[in-house]
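Subject: Structure handover

Hello,

Here is the structure for you to load. My notes on it follow.

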Amino acid sequence: MALVPFDDRDGLIWFDGVMVPWREAKIHVLSHGLHYASGVFEGERAYSGNIFKLRAHTERLIASGRILGFEIPYTADEIDDACRAVVAANNLVDAYVRPLAWRGTEQLSVSAQQTKIHLMVATWAWPNLFGDNRMKGVRLDMAEWRRPHPQTAPTASKAAGLYMIGTLAKHAAEAKGFDDALMLDWRGQVSEGTGANVFFVIDGELHTPTPDCFLDGITRRVVMSLARARQMTVVERAMWPEDMAKASEVFLVGTAAEVTPVRQIGELHYTPGPVTEMLLGAFEKLVRMSPGEVEALAA
Ligand code: PMP
């Protein structure tokens with residue numbers, strides 16, 4: 001399938017408070033965000049017209065900016081409204097939503113105190129990341145690249161700069177014929193995929209690494225509560241590569257990945273099974289509920 005470039009599409013993009021035609025949503029090449037990766041973003045999904053966990057994404061976006069030392073010049077309500085408005089303006093009901101905040105052009109140096117903070121929200125149709133093969137399970141390579149120590153990078157932020165490691169790891173995996181990569185952290189512990197968190201079914205329990213140097217995903221937290229509501233024991237802990245051999249099932253979770261079974265990690269092979277299937281089904285049901293029903297369940 002030919003790729004349609006992202007700057008040459010029909011539609012509208014919310015850009016600094018205004019809905020602008022897609023092809024006109026441009027910034028200058030001397031933007032700080034482009035040179036120094038001073039940007040933070042979100043990935044959200046609208047299902048049946050509702051953006052799932054919208055406020056949690058908006059709050060994380062604001063928090064990510066603060067970690068990078070900037071304040072997004074809109075309130076959480078205004079950002080929520082922008083996300084909803086852009087989905088509606090593009091006549092989408094099932095869609096991916098991408099807010100991005102970045103430093104502008106006022107200063108182009110390591111110091112960027114005087115830069116203005118910009119915000120845009122775009123949206124487009126984006127079916128599951130792993131497409132039709134999802135139920136078969138995806139194949140992950142073990143990445144050479146590792147998640148850094150929290151004192152080496154702002155690991156709690158969904159900062160654009162952190163995705164440099166993800167792209168390097170994913171490209172290396174794809175070059176070897178894998179779908180994606182699983183990354184260790186700086187200690188050699190299992191961390192996450194390049195854009196999704198990971199879960200292991202071990203002796204009927206659900207195990208997942210403690211997110212102390214990588215993103216504590218919103219989907220991750222949702223899946224943990226879905227499992228607990230179904231009487232599963234959920235264990236958040238330090239996980240080492242040898243733990244992966246003890247798992248009977250493995251799956252990735254994330255906004256883009258949703259719940260995606262894994263059938264291989266490096267030399268290890270898995271068969272997507274009943275726990276993955278149950279949680280995938282529960283997740284798909286939950287995301288199509290109204291925001292009120294979702295909140296009522298969480299209460
Ligand atoms: N880790 C990384 C590196 C990600 O990019 C994502 C996707 N945002 C996740 C985990 C999962 O986070 P969420 O469930 O909040 O989308």
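Where does the largest cavity lie with respect to domain 1 (12-124) and domain 2 (131-291)? Between them, because both domains give residues to its lining. Please keep in mind that this is a predicted model.

**The cavity**

The search covered the whole structure and found one cavity of 30 Å³ or more. The volume of the largest cavity is about 70 Å³. Its lining includes R45, Y47, F52, K53 and H57. Further along the chain, I218, T219, V222, G254, T255 and F283 also line the cavity. Two elements give two or more residues each to this lining: β4 (44-47) and α5 (218-229). The largest share comes from α5, with three residues. By type, the cavity lining has five nonpolar, four polar and two charged residues.

**The second largest pocket**

This one holds about 300 Å³ of space. Its lining counts 17 residues. Nearest the centre of the pocket are I51, F52, K53, L54 and P291. The elements that supply two or more lining residues are β5 (50-51), α2 (54-67), α3 (76-89) and α7 (291-298). Of the lining residues, 10 are nonpolar, three are polar and four are charged. Both domains take part here too: domain 1 (12-124) and domain 2 (131-291) each give at least three residues to the pocket lining.

Two residues deserve a bookmark. F52 and K53 line the largest cavity. F52 and K53 are also among the residues nearest the centre of the second largest pocket.

**The two domains**

The protein is divided into domain 1 (12-124) and domain 2 (131-291). Their contact takes 21 residues from domain 1 and 23 residues from domain 2. The C-alpha centres of the two domains are 25 Å apart.

**The fold as a whole**

Does the overall size fit a compact globule, or depart from one? It fits: for 299 residues, a compact globule would have a radius of gyration near 19 Å, and the protein has 19 Å. The C-alpha trace spans about 55 × 40 × 40 Å along its principal axes. Seven helices and 16 strands make up the secondary structure. Buried residues account for 50% of the 299 residues. Contacts reach far along the chain. Take those between residues at least 6 apart in sequence: 69% of them join residues at least 24 apart.

**One residue to look at: V250**

V250 sits in strand β14 (residues 249-254). Is V250 buried or exposed? V250 counts as buried, because its relative accessibility is 0%; the cut-off for buried is under 20%. Which residues does V250 touch, leaving aside its neighbours within four places in sequence? V250 is in contact with V198, F199 and F200, and with P261, V262, I265, Y270 and T276.

For orientation, F283 is one of the residues that line the largest cavity. V250 and F283 are 33 residues apart along the chain, and 16 Å separates their C-alpha atoms.

**Where to start**

I would open the view at the largest cavity, which lies between domain 1 and domain 2. Then turn to the second largest pocket, with I51, F52, K53, L54 and P291 nearest its centre. Finish at V250 in strand β14.

Best wishes

Notes. Residues are numbered from 1 along each chain as its sequence is written. This is a predicted model: local features need pLDDT of at least 70, side-chain atom pairs count only at pLDDT 80 or more; totals for chains, interfaces and linings use all residues. Side-chain values use heavy atoms; hydrogens and water are left out. On a 1 Å grid over the protein atoms alone, a cavity is a set of points where a 1.4 Å probe fits but cannot get out, and a pocket is an open set with protein on both sides within 12 Å along at least five of seven lines; lining residues have an atom within 4 Å of a point. Grid points are joined across faces, edges and corners, and a volume is the space filled by probe spheres set on the points. Helices (H or I, at least four residues) and strands (E, at least two) are DSSP runs, numbered from the N terminus. Ala, Val, Leu, Ile, Met, Phe, Trp, Tyr, Cys and Pro count as nonpolar, Asp, Glu, Lys and Arg as charged, and the others, Gly among them, as polar. Domain bounds come from an automatic or database domain assignment. The radius of gyration is taken over C-alpha atoms; the globule rule is 2.2 Å times the number of residues to the power 0.38. Buried means under 20% relative accessible area, exposed over 50%, partly exposed in between (1.4 Å probe, protein chains only). Contact means heavy atoms within 4.5 Å.
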